[in-house]
Amino acid sequence: MTDTGIGMAISKRYVDLMGGTISVDSKKGEGSTFIVEFPLELTNESMVQKQDTPASNVNMKGVRALLAEDNELNAEIAMVQLEELGMVVTRVSDGKEAVERFCESDADTFDIIFMDIMMPEMNGYEATRAIRELKDHPDARTIPIIAMTANAFAEDVQASLDAGMNGHLSKPIVLDEVIKTVARNLN
């Protein structure tokens, strides 16, 4: 039996999906050492949220979302999926429009923002930073902003968090992950 190397590709995909990194050090005749790292934060038990409810039992009805997505087809698909969950979705076409719409809105108009990363005018990172820096909007620092992007490597997840986002969803979106992410960020 010969080793085709497919195991490493599969492992890398799972590690990437979990926001980690994997590396290998191999020496002929001695073997290989694999190092897997995940970005985790230490916490105490009192800070851990107990979630015994499966994602399918979480009620998304009435959750008001701002969706920033420049691709028409992706936007249509995301809107249909989110609206099927009972969410009320307002869509904008780029990061600049997302910032403008958020600025024009009253406090508590939106419960959550889904932000594509690669957009014209202003990308998702820039838009998130702009929203977080707003001084005159009471929700600017607290509204959950979730990256919704095809960029799924660990450095992409970290860049989203560094920009001030609260989470990261990879496209194509998986509804159970959306539900869990929304529930986790809206308590």
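The dialogue below works through a predicted model, setting computed values against their definitions.

Student: What is the secondary structure of the chain?
Tutor: The chain has six helices and seven strands. Their order along the sequence is α-β-β-β-α-β-α-β-α-β-α-β-α. Buried residues account for 35% of the 187 residues.

Student: Why is tyrosine 14 called exposed?
Tutor: Its relative accessibility is 55%. Exposed means over 50%, so tyrosine 14 counts as exposed. Tyrosine 14 sits in helix α1.

Student: Which nonpolar patch does Tyr14 help to form?
Tutor: Tyr14 joins Ile10, Leu17, Met18, Val36, Phe38 and Leu40 in a nonpolar surface patch. Together they have about 740 Å² of accessible area. Helix α1 (residues 6-17) gives the most, with three residues.

Student: How do you know that the buried residues of α3 line one face of the helix?
Tutor: Take the buried residues of α3 (residues 95-104): Gly95, Ala98, Val99 and Phe102. Down the axis of α3, they fall within an arc of 95°, so they line one face. They pack against β3 (64-68), β4 (88-92), β5 (112-115) and α4 (124-132).

Student: What makes the approach of aspartate 94 to lysine 96 a polar contact?
Tutor: A side-chain oxygen of aspartate 94 comes to within 3.0 Å of the backbone nitrogen of lysine 96, at the start of α3. The cut-off for such N or O pairs is 3.5 Å.

Student: Why is arginine 132 called buried?
Tutor: Buried means under 20%. Arginine 132 has 10% relative accessibility, so it counts as buried. Its place is in helix α4.

Student: What does the side chain of arginine 132 reach?
Tutor: It reaches the backbone oxygen of glycine 164 at 3.0 Å. A polar atom of the arginine 132 side chain also lies 2.8 Å from the backbone oxygen of isoleucine 143. Arginine 132 and glycine 164 are 32 residues apart in sequence, yet 7.0 Å apart in space, C-alpha to C-alpha.

Student: Is threonine 128, also in helix α4, buried or exposed?
Tutor: Buried, because its relative accessibility is 0%. Beyond residues up to four places away, threonine 128 touches Met115, Ile145, Ala163, Gly164 and Met165.

Student: What makes arginine 64 and aspartate 111 a salt bridge?
Tutor: Their side chains meet at 2.6 Å, N to O. The limit is 4 Å, so the pair qualifies. Arginine 64 lies in strand β3 and aspartate 111 in the loop between α3 and β5, so the bridge ties together parts 47 residues apart in sequence. The whole structure has five salt bridges.

Student: Why are arginine 64 and aspartate 111 called partly exposed?
Tutor: Partly exposed runs between the 20% and 50% limits. Arginine 64 has a relative accessible area of 31%, so it is partly exposed. Aspartate 111, with 21%, is partly exposed too.

Student: Which residues do salt bridges with shared partners join into one network?
Tutor: Start with glutamate 69 and lysine 171, whose closest N and O atoms are 2.6 Å apart. Glutamate 69 lies in the loop between β3 and α2 (72-84) and lysine 171 in the loop between β7 (167-170) and α6 (175-186), so this bridge ties together parts 102 residues apart in sequence. Lysine 171 also bridges to aspartate 116, with closest N and O atoms 3.3 Å apart. Shared partners thus join Glu69, Asp116 and Lys171 into one network.

Student: Which of these three are buried, and which is partly exposed?
Tutor: Glutamate 69 is buried, because its relative accessible area is 3%. Aspartate 116, at 5%, is buried as well. Lysine 171 has 22%, so it counts as partly exposed.

Conventions: Residues are numbered from 1 along each chain as its sequence is written. This is a predicted model: local features need pLDDT of at least 70, side-chain atom pairs count only at pLDDT 80 or more; totals for chains, interfaces and linings use all residues. Side-chain values use heavy atoms; hydrogens and water are left out. Patches are made of residues with over 30% relative accessible area and no salt bridge: like charges are joined within 9 Å, nonpolar side chains (Val, Leu, Ile, Met, Phe, Trp, Tyr) within 5 Å. Accessible areas come from the Shrake-Rupley method with a 1.4 Å probe; for residues, only the protein chains shown count as cover. Helices (H or I, at least four residues) and strands (E, at least two) are DSSP runs, numbered from the N terminus. Buried means under 20% relative accessible area, exposed over 50%, partly exposed in between (1.4 Å probe, protein chains only). The arc is that of the directions from the helix axis to the C-beta atoms. Contact means heavy atoms within 4.5 Å. A polar contact is a pair of N or O atoms within 3.5 Å; within protein, one must be able to donate a hydrogen and the other to accept it, and residues adjacent in sequence count only if both atoms are side-chain atoms.
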